[in-house]
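Colleague: Could you take a close look at one part of this predicted model and set it in the context of the rest? I would like the packing and the exposure of individual residues treated together.

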Amino acid sequence: LFLLGIMPFSCLYLWGPDLFAFVFGEPWRESGKIAAALSPMLLVMFMSSPTSTAFIVVKQQKYNFIFGVTGTLYRSAAFYYGWVMGDFYLGIKVWVVCEYIQIFFYNAILWRKM
């Protein structure tokens, strides 16, 4: 999945604002900046998507609940932090890092259970 996703997500990362402005018009440039900031996280999510329901298969649904609650908390905290610091993109960056960490732990726990 990495090989499948690296090109489109890299293009979005490198040229997101310009692509959005070209396709949707200049008012969408800001959305392209957000898409560019999120594209590394989206690539990692794309790569890990086959494991997204694995806890159900190994009968460990309790972890899904834990990850769901922590995801809600760190996403809210990331954007709140960005708001407090006066930098929306900082909030997005914190969210992306937290998402990487969650995906790592999700797959590490799953790997251990297997």
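Modeller: Pro8 is partly exposed, with a relative accessible area of 48%, which places Pro8 under the limit of 50% above which a residue counts as exposed. The model is predicted, and everything below should be read as a description of that prediction. Pro8 sits in helix H1. From Pro8 to Trp28 is 20 residues in sequence and 19 Å in space, C-alpha to C-alpha.

Asp18 belongs to H1 as well. Its relative accessible area is 44%, so Asp18 is partly exposed. Between the C-alpha atoms of Asp18 and Asp87 there are 21 Å, with 69 residues separating the two along the chain.

The partner to consider for H1 is H2. Two packed helices are described by the angle between their axes and the distance between the axes. For H1, which covers residues 2-24, and H2, the angle is about 170° and the axes are 6 Å apart. H1 and H2 are therefore roughly antiparallel to each other, because an angle over 145 degrees counts as such. On the H1 side, the residues in contact include Phe2, Leu4, Ile6, Phe9, Leu12, Tyr13, Phe20 and Ala21, and Asp18 takes part too. On the H2 side they include Arg29, Lys33, Ala35, Ala36, Leu42, Leu43, Phe46 and Met47. Glycines contribute on both sides, with Gly5 and Gly16 from H1 and Gly32 from H2. Sorted by type, the residues of this contact are 16 nonpolar, five polar and three charged.

H2 also packs against H5. The axes of H2 and H5 come within 10 Å and cross at roughly 5°. That makes H2 roughly parallel to H5, since the limit for this class is an angle under 35 degrees. From H2 the contact draws on Glu30, Lys33, Ile34, Ala37, Leu38, Pro40, Met41, Val44, Met45 and Ser48. H5 answers with Phe88, Tyr89, Ile92, Trp95, Val96, Glu99, Tyr100, Ile103 and Asn107. This contact of H2 with H5 divides into 14 nonpolar, two polar and three charged residues. Lys33 and Pro40 of H2 appear both in the contact with H1 and in the contact with H5.

Ser48 deserves a separate note. Ser48 lies in H2 and is buried, with a relative accessible area of 15%. Leaving aside residues up to four places away in sequence, Ser48 touches Ile103 and Asn107, both of which are listed for H5 in its contact with H2.

Part of the packing of H2 and H5 leads into the largest nonpolar core, whose seven residues are Leu38, Met41, Tyr74, Ala78, Ile92, Trp95 and Val96. Two or more residues of this core come from each of H2 (29-48), H4 (61-85) and H5 (88-113). H5 supplies the largest share, three residues. Within the core, Leu38 touches Ile92, Trp95 and Val96, not counting residues up to four places away in sequence. Another core lies apart from it, with six residues that include Ala54, Tyr63, Phe67 and Tyr106.

The cysteines can be dealt with briefly. A disulfide is a covalent bond between the sulfur atoms of two cysteines. A search of the whole structure finds zero disulfides. Cys11 is partly exposed, at a relative accessible area of 26%, and Cys98 is partly exposed as well, at 23%.

One backbone feature is found at Lys59, in the loop between H3 (54-57) and H4. Most residues other than glycine have a negative phi, and most peptide bonds are trans. Lys59 is not a glycine, yet it has a positive phi of about 55°. Its relative accessible area is 67%, so Lys59 is exposed.

As for the whole, the protein has five helices and zero strands, in the pattern α-α-α-α-α along the sequence. Its C-alpha trace spans about 50 × 35 × 15 Å along the principal axes. Of its 114 residues, 29% count as buried. Among contacts with a separation of 6 or more, 67% are between residues 24 or more positions apart.

Methods: Residues numbered from 1 in each chain as written. Predicted model: local features only at pLDDT ≥ 70, side-chain atom pairs only at ≥ 80, totals over all residues. Heavy atoms only, no water. Disulfide = S-S within 2.5 Å. Buried < 20%, exposed > 50% of the residue type's maximum accessible area, 1.4 Å probe, protein only. Core = buried A, V, L, I, M, F, W, Y, C linked by side-chain atoms within 4.5 Å. Helix = DSSP H or I, 4+ residues; strand = E, 2+ residues; numbered from the N terminus. Contact = heavy atoms within 4.5 Å. Axes fitted to C-alpha atoms, helices over the stretch in contact; angles between N-to-C directions. Parallel < 35°, antiparallel > 145°, perpendicular 65-115°, else oblique. Nonpolar A, V, L, I, M, F, W, Y, C, P; charged D, E, K, R; others polar.
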